[in-house]
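Trainee: I would be grateful for a close look at the interior of this protein. Please take me through the core and the enclosed space, and then through some individual residues.

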Amino acid sequence: KGSLPSVRAYMFFAFQTAPDRMAIKVADTTRGFLAESGKRRSERLFEAAFNESPEAIALSRLKDGLIMDVNQEWLRLHGYTRAEVLGRTVVELGIWPDRKTRDAVVAPLVAQGRMRDQETKVTIQGGHQRLVKLSGSVIDASGEPHILLYIKDISEERLADEALRASEVALLQANDKLNEQVGLHEITESLANVGYWMASSDGTQIHWSGGLRRLAGMTQGPI
């Protein structure tokens, strides 16, 4: 435990000290080699996770929103090709209408270094707007702060929620209207001394209104 592996890495420096003499300096670079190998391995893993993620991801420069990289899902969501976005800012693409709006959206990142599930609208190719949730972190890339931003499109989800709420409201309104009608019938029966009856579609059940029961001298209960 803690010992170096049997495979080692060395760096050789050779220089001539005299016409018939040469000096060789050998440096053990095993630790540096392993560290560099680990770094490359981490970079490959990050690249794979970035490109294959089912969520849209963008890497952009913090100070101005210059897009450094995006994954395939980001391109699909926004409707652009990679060549159209790399090297351009999010404001130039029209994702945000202006620099002020963009800065307001990323303000939590500037203040806290991260943000989670912030809802906002973005403009995609063709001028269409989508409702999204943003989550991201500030990371260092080449010695400069960048934003690693995850974008989740919740437009369809929100439309479904709104449709469900609208149907629930409509049902409540229908129930309220029905109760009003029932109450109006009861008042009418009481004032006019009338009543009515209804039969089920198969004729097996008959409903007598309260007014008709009173006229017939019947108590509440099944007919």
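Mentor: What follows moves from the overall fold to the core, then to the cavity, and finally to single residues.

The model is a predicted one, and every value below should be read with that in mind. The protein contains 7 helices and 9 strands. Of its 223 residues, 26% count as buried. Among contacts between residues at least 6 apart in sequence, 29% join residues at least 24 apart.

The core is a suitable starting point. In soluble globular proteins, nonpolar side chains tend to be buried together. Here the largest nonpolar core comprises 25 residues, and those with the most contacts inside it are Trp74, Val85, Leu134 and Ile151. At least two residues of this core are supplied by each of β3 (56–61), β4, α2, β5 (114–123), β6 (129–141) and β7 (144–153). Ile151 shows how such a residue is surrounded. Leaving aside residues up to four places away in sequence, Ile151 touches Glu55, Ala56, Ala58, Trp74, Leu77, Val132, Lys133 and Leu134. Two of these neighbours, Trp74 and Leu134, are themselves listed among the core residues with the most contacts.

The next subject is the enclosed space. Rolling a probe the size of a water molecule over the atoms shows where empty space is left. In this model the count comes to 1 cavity of 30 Å³ or more. The largest cavity has a volume of about 190 Å³. It is lined by 18 residues, of which Ser60, Val90, Ile95, Trp96 and Leu149 are the closest to its centre. At least two lining residues come from each of β3, α2, α4 (99–105), β5 and β7. The largest share, 3 residues, is that of β7. By class, the lining of the largest cavity is made up of 14 nonpolar, 3 polar and 1 charged residues. Strand β7 therefore deserves attention on two counts, since β7 supplies at least two residues of the largest nonpolar core and β7 gives the largest share of the cavity lining, with strands taken as DSSP runs.

Among the single residues, Asn71 may be taken first. Asn71 is found in the loop between β4 (67–70) and α2 (72–78). Asn71 counts as buried because its relative accessible area is 0%, under the 20% limit. The side chain of Asn71 reaches the backbone oxygen of Phe50 at 3.1 Å. Beyond residues up to four places away in sequence, Asn71 touches Phe50, Asn51, Ser53, Glu55, Ala56, Ile57 and Arg82. Glu55 and Ala56 appear in the contacts of Asn71 and also in those of Ile151.

Thr89 is another loop residue, placed between α3 (82–85) and α4. Its relative accessibility is 14%, so Thr89 counts as buried. With residues up to four places away in sequence left out, Thr89 touches Asp64, Gly65, Leu66 and Ile67.

Strand β5 holds the next residue, Arg116. Arg116 counts as partly exposed because its relative accessibility is 46%, which lies between the 20% and 50% limits. In sequence Arg116 and Leu134 are 18 residues apart, while in space they are 6.5 Å apart, C-alpha to C-alpha. Not counting residues up to four places away in sequence, Arg116 touches Leu134, Ser135, Gly136 and Ser137. The side chain of Arg116 also reaches the backbone oxygen of Gly136 at 3.1 Å.

Backbone geometry completes the account. Most residues other than glycine have a negative phi, and most peptide bonds are trans. Asp117, which is not a glycine, has a positive phi of about 55 degrees. This residue lies in strand β5. Ser142, also a residue other than glycine, has a positive phi near 60 degrees. Ser142 is found in the loop between β6 and β7. Because its relative accessible area is 83%, Ser142 counts as exposed, the limit for which is over 50%.

Technical notes
Residues are numbered from 1 along each chain as its sequence is written. This is a predicted model: local features need pLDDT of at least 70, side-chain atom pairs count only at pLDDT 80 or more; totals for chains, interfaces and linings use all residues. Side-chain values use heavy atoms; hydrogens and water are left out. Helices (H or I, at least four residues) and strands (E, at least two) are DSSP runs, numbered from the N terminus. Buried means under 20% relative accessible area, exposed over 50%, partly exposed in between (1.4 Å probe, protein chains only). A polar contact is a pair of N or O atoms within 3.5 Å; within protein, one must be able to donate a hydrogen and the other to accept it, and residues adjacent in sequence count only if both atoms are side-chain atoms. Contact means heavy atoms within 4.5 Å. A nonpolar core is a set of buried Ala, Val, Leu, Ile, Met, Phe, Trp, Tyr and Cys residues joined through side-chain atoms within 4.5 Å. On a 1 Å grid over the protein atoms alone, a cavity is a set of points where a 1.4 Å probe fits but cannot get out, and a pocket is an open set with protein on both sides within 12 Å along at least five of seven lines; lining residues have an atom within 4 Å of a point. Grid points are joined across faces, edges and corners, and a volume is the space filled by probe spheres set on the points. Ala, Val, Leu, Ile, Met, Phe, Trp, Tyr, Cys and Pro count as nonpolar, Asp, Glu, Lys and Arg as charged, and the others, Gly among them, as polar.
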